[in-house]
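Please examine the sequence and the structure shown below before reading on. The explanation that follows begins at one annotated position and then moves outward through the fold.

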Amino acid sequence: MADGLSVFLVEDEALIRMMIADMVVELGHHVVAEADNVRDASAFAMTAQYDMAILDINLMGVYVDPVADLIERRGKPFMFATGYGPELLPSLLRRRPILRKPIAMDQLKAMIDSMFPGARSKRRTE
């Protein structure tokens, strides 16, 4: 994984999505697909080539659990990034890692490192 991980990012707020994408890149990984709604996210979840996904729980008033189910069926790891708690998730998804917004770079790095110990997340130096 010398080139970092490929990440599928699902977030309905454009500025937050761009911020998370920038953090992913700064950690040495790359975003390969982005979605801001359940319909598009479901399509990408089944067809995009990615190592892991970062999912917001609530996308414009629709919960992301159908997307999480599709990702889980593919056997891909994922985490939630949300201002909500795990109580909004179906019980089977509550065991997934959750990053609380606002997300700090160090928290994202620690979460990715715990999910992929060999991925070598690191901040890029300029």
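**From one loop to the whole fold**

D56 is found in the loop between β3 and β4, the latter covering residues 58-59. The model in view is a predicted one. UniProt, in an unreviewed entry, places the feature "modified residue: 4-aspartylphosphate" at D56. Such an annotation may be inferred rather than shown by experiment.

Is D56 buried or exposed? The relative accessible area of D56 is 4%. Buried means under 20% relative accessible area, and D56 is therefore counted as buried. Its surroundings can be listed by contact: when residues up to four places away in sequence are not counted, D56 touches V10, E11, D12, V64, A81, T82 and K101. Several of these names return below, and they serve as a guide to the next parts of the structure.

Two of the residues that D56 touches, A81 and T82, belong to the description of strand β6, which comprises residues 78-82. This strand is mostly covered, with five of its five residues buried. The cover applies to both faces: F78, F80 and T82 are buried on one side, and M79 and A81 are buried on the other.

Which strands pair with β6? Strand β3, residues 52-55, is joined to β6 by three bridges, and the two run parallel. Within this pairing, L55 stands opposite F80. Strand β7, residues 98-100, is also joined to β6 by three bridges, and these two strands likewise run parallel. Here A81 has L99 in β7 as its bridge partner.

F80, which lies in strand β6, deserves a separate look. Its relative accessibility is 0%, and for this reason F80 counts as buried. Which residues does F80 touch, apart from those up to four places away in sequence? They are L55, I57, V64, A68, L89, L93, R96, P97, I98 and L99. One member of this list, R96, shows how the fold brings separate parts of the chain together: F80 and R96 are 16 residues apart in sequence, while their C-alpha atoms are 7.3 Å apart in space.

The contacts of D56 also include V10, and V10 leads to strand β1, residues 6-10. Like β6, strand β1 is mostly covered, and five of its five residues are buried. On one side of β1 the buried residues are S6, F8 and V10, and on the other they are V7 and L9. Five bridges join β1 to β2, and the two strands run parallel. In this pairing V7 stands opposite V31 of β2.

Strand β2 spans residues 30-35, and N37 is found in the loop between this strand and helix α2, residues 38-47. N37 has a relative accessible area of 16%, and it is therefore buried, since the limit for that term is under 20%. The side chain of N37 reaches the backbone nitrogen of D40 at a distance of 2.7 Å. If neighbours within four places in sequence are left aside, N37 is in contact with L59 and M60.

A contrast is offered by I16, whose place is in helix α1, residues 14-26. I16 has a relative accessibility of 27% and so counts as partly exposed. Leaving aside neighbours within four places in sequence, I16 is in contact with E11 and K101. Both E11 and K101 are also among the residues that D56 touches. I16 and K101 are 85 residues apart in sequence, yet 9.4 Å apart in space from C-alpha to C-alpha.

These local views can now be placed within the whole protein. There are four helices and seven strands, and along the sequence they follow the pattern β-α-β-α-β-β-β-α-β-β-α. Of contacts between residues at least 6 apart in sequence, 63% join residues at least 24 apart.

How does the overall radius of gyration agree with that of a compact globule? For 126 residues, such a globule would have a radius of gyration near 14 Å; the protein has 13 Å, which agrees. The C-alpha trace spans about 40 × 30 × 25 Å along its principal axes. Buried residues make up 47% of the 126 residues. The accessible surface comes to about 6,600 Å², and 54% of that surface belongs to carbon and sulfur atoms.

Conventions: Residues numbered from 1 in each chain as written. Predicted model: local features only at pLDDT ≥ 70, side-chain atom pairs only at ≥ 80, totals over all residues. Heavy atoms only, no water. Buried < 20%, exposed > 50% of the residue type's maximum accessible area, 1.4 Å probe, protein only. Pairing = 2+ DSSP bridges. Contact = heavy atoms within 4.5 Å. Polar contact = N/O pair within 3.5 Å; in protein donor to acceptor, adjacent residues only side chain to side chain. Rg over C-alpha atoms; globule rule 2.2 N^0.38 Å. Areas by Shrake-Rupley, 256 points an atom, 1.4 Å probe, with all protein chains shown as cover.
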